[in-house]
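The exercises below concern one protein chain. Each has a task sentence and a solution in steps.

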Amino acid sequence: MVSTPPIQWYPGHIAKAERALLDQLKRVDLVFEVRDARIPLASRHPKVLHWIGEKPRILVLNRMDLISAAARDHWREYFKAIGETPFFTNAQAGKGLQNVMQASQAAGKQLNQRRRDRGMLPRPVRAVVIGFPNVGKSALINRLLKRRIVESARRPGVTRQLRWVRVSQELELLDAPGVLPAKLTDQSAAYRLAMCDDIGQAAYDNQRVCAQLIEQLQQIEAYNEVVTHYVPCHVLASRYDLALTDQSGDEYLAELAQLNHRGDVERTAQQVLNDFRKGMLGAIALETPPENSTI
């Protein structure tokens with residue numbers, strides 16, 4: 001494969017939102033950090049821990065429906081080993097939200113107990129939802145509210161302004177736009193963000209990203225001999241009736257375009273990416289837990 005062009009995306013509304021978010025964080029008691037369960041490492045913002053300091057944080061891995069139960073178990077073990085407790089959710093369907101609420105209520109009780117100990121009255125916990133674009137932050141808030149109050153869609157950049165919403169008498173949430181590093185230095189991670197539609201489409205070329213996705217699936221299928229169920233066996237052949245052998249991603253994509261779309265590679269790339277993003281290829285985790293690593 002030829003060298004891939006770099007992916008960079010830092011539109012003005014994200015830069016503005018980040019400045020506003022940093023100002024609001026002074027008023028926040030609790031942080032919900034939302035990541036994409038398919039790419040828990042690539043969808044981690046490197047500055048979140050620095051931004052929040054000692055504030056309690058609840059790690060939410062959304063889109064759990066798009067990875068297998070085995071992958072969830074492996075990631076849960078990994079995070080447990082480094083002192084983290086991940087909460088897997090499917091915010092669109094409302095799954096896993098009860099555990100998230102219980103964790104936030106426990107954090108709220110600790111907060112207000114500290115206030116009482118200092119002779120202060122209890123108050124609602126102020127929380128913020130932080131994460132990359134399109135990882136499901138607004139869908140999560142709507143489910144916690146049990147009503148649609150913030151706009152939510154499966155595309156980056158829908159939320160552009162910060163907004164406080166009252167969840168209950170005990171919890172207030174700040175819905176914040178997706179935040180990204182100003183420069184994506186890890187281009188392998190940047191391409192995984194593009195594969196999962198967690199970055200603006202203006203940042204990348206569909207054909208290049210699709211070719212990279214095909215090669216990533218090829219690599220993870222091989223890895224399945226060690227850790228099973230990250231990618232369904234023969235995932236592309238099962239969907240498109242075209243076996244993936246030892247050809248490059250570009251070569252497979254071109255062959256698939258000839259087979260299905262009269263050689264239209266762009267249309268084919270869009271189809272494969274959309275099928276992956278919607279779960280039509282099956283439950284696929286694009287990342288496996290690193291060994292002996294910390295986040």
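A polar contact is a pair of N or O atoms within 3.5 Å; within protein, one atom must be able to donate a hydrogen and the other to accept it. The model used throughout is predicted.

**Exercise 1. Glu287**

Task: Which backbone nitrogen atoms does the side chain of Glu287 reach, and is Glu287 buried or exposed?

Solution:
1. Locate the residue: Glu287 sits in the segment that follows helix H10 (265-277).
2. Take the pair with Ala42: its backbone nitrogen is 3.0 Å from a polar atom of the Glu287 side chain.
3. Take the pair with Leu41: here the distance from the Glu287 side chain to the backbone nitrogen is 2.8 Å.
4. List the contacts beyond four places in sequence: Glu287 touches Arg38, Ile39, Pro40, Leu41, Ala42, Trp75, Arg192 and Tyr230.
5. Compare the relative accessible area with the cut-off: buried means under 20%, and Glu287 has 5%, so Glu287 is buried.
6. For a residue remote in sequence, take Arg19: 268 residues along the chain separate it from Glu287, and the C-alpha atoms are 30 Å apart.

**Exercise 2. The annotated positions**

Task: Which residues does the UniProt annotation "binding site" cover, and where does Met64 lie?

Solution:
1. Read the record: the unreviewed UniProt entry places the annotation "binding site" on Asn62, Arg63, Met64, Asp65 and Gly178.
2. Place two of these residues: Arg63 is in the loop that connects strand S2 (57-62) with helix H3 (69-81), and Met64 is in the loop between S2 and H3.
3. Check the accessibility of Arg63: its value is 6%, so Arg63 is buried.
4. Check Met64: at 16% relative accessibility, Met64 also counts as buried.
5. List what Met64 touches, residues up to four places away left out: Ala37, Arg72, Phe88, Thr89, Asn90 and Lys95.

**Exercise 3. The sheet**

Task: In what order do the six strands of the open sheet stand, and which strands stand at the edges?

Solution:
1. Begin with strand S1 (residues 30-36), which pairs with S2 in the parallel sense over six bridges. Val31 is opposite Arg57 in S2, and Arg35 is opposite Leu61 in S2.
2. Turn to the pairing of S1 with strand S4 (residues 125-131): this is parallel as well, over five bridges, with Val34 opposite Gly131 in S4.
3. Add strand S3 (residues 86-89): S2 and S3 are parallel and share four bridges. Pro86 in S3 is the bridge partner of Leu59.
4. Add the pair of S5 and strand S6 (residues 171-175), which is antiparallel with four bridges. Here Trp164 has Leu174 in S6 as its bridge partner.
5. Write out the order: S3-S2-S1-S4-S6-S5, with mixed pairing.
6. Find the edges: S3 and strand S5 (163-166) each have a single partner strand, so one side of each is left without a neighbour in the sheet.
7. Add the geometry: from one strand to the next, the twist averages 30°. H3 packs on the sheet and touches S1, S2 and S3, and the direction of H3 makes about 160° with that of S3.
8. Name the unit: S2, H3 and S3 form a right-handed β-α-β unit.

**Exercise 4. Cover of two strands**

Task: How many residues of S1 and of S2 are buried?

Solution:
1. Count S1: seven of its seven residues are buried.
2. Split S1 by direction: Leu30, Phe32, Val34 and Asp36 point one way, Val31, Glu33 and Arg35 point the other way, and all are buried.
3. Count S2: five of its six residues are buried, and the strand is mostly covered.

**Exercise 5. Tyr204**

Task: With which side chain does that of Tyr204 make a polar contact of 3.0 Å?

Solution:
1. Locate Tyr204: its place is in the loop between helix H6 (187-195) and helix H7 (206-223).
2. Check accessibility: the relative accessible area of Tyr204 is 11%, so Tyr204 is buried.
3. List the contacts beyond four places in sequence: Ile7, Ala194, Asp197, Ile199, Val209 and Arg277 touch Tyr204.
4. Pick the polar partner: the side chain of Arg277 makes the 3.0 Å contact with that of Tyr204.
5. Compare sequence and space for Ile7: Ile7 and Tyr204 are 197 residues apart in sequence, while their C-alpha atoms are 5.9 Å apart.

Technical notes:
Residues are numbered from 1 along each chain as its sequence is written. This is a predicted model: local features need pLDDT of at least 70, side-chain atom pairs count only at pLDDT 80 or more; totals for chains, interfaces and linings use all residues. Side-chain values use heavy atoms; hydrogens and water are left out. Helices (H or I, at least four residues) and strands (E, at least two) are DSSP runs, numbered from the N terminus. Buried means under 20% relative accessible area, exposed over 50%, partly exposed in between (1.4 Å probe, protein chains only). Contact means heavy atoms within 4.5 Å. UniProt positions are given in the numbering used here, feature names are shortened, and annotations may be inferred rather than shown by experiment. Two strands pair if DSSP finds at least two bridges between them. A crossover is right-handed if, with the strands pointing away from the viewer, the path from the first strand over the helix to the second runs clockwise. Axes are lines fitted to C-alpha atoms, for helices over the stretch in contact, and angles run from 0 to 180 degrees between N-to-C directions.
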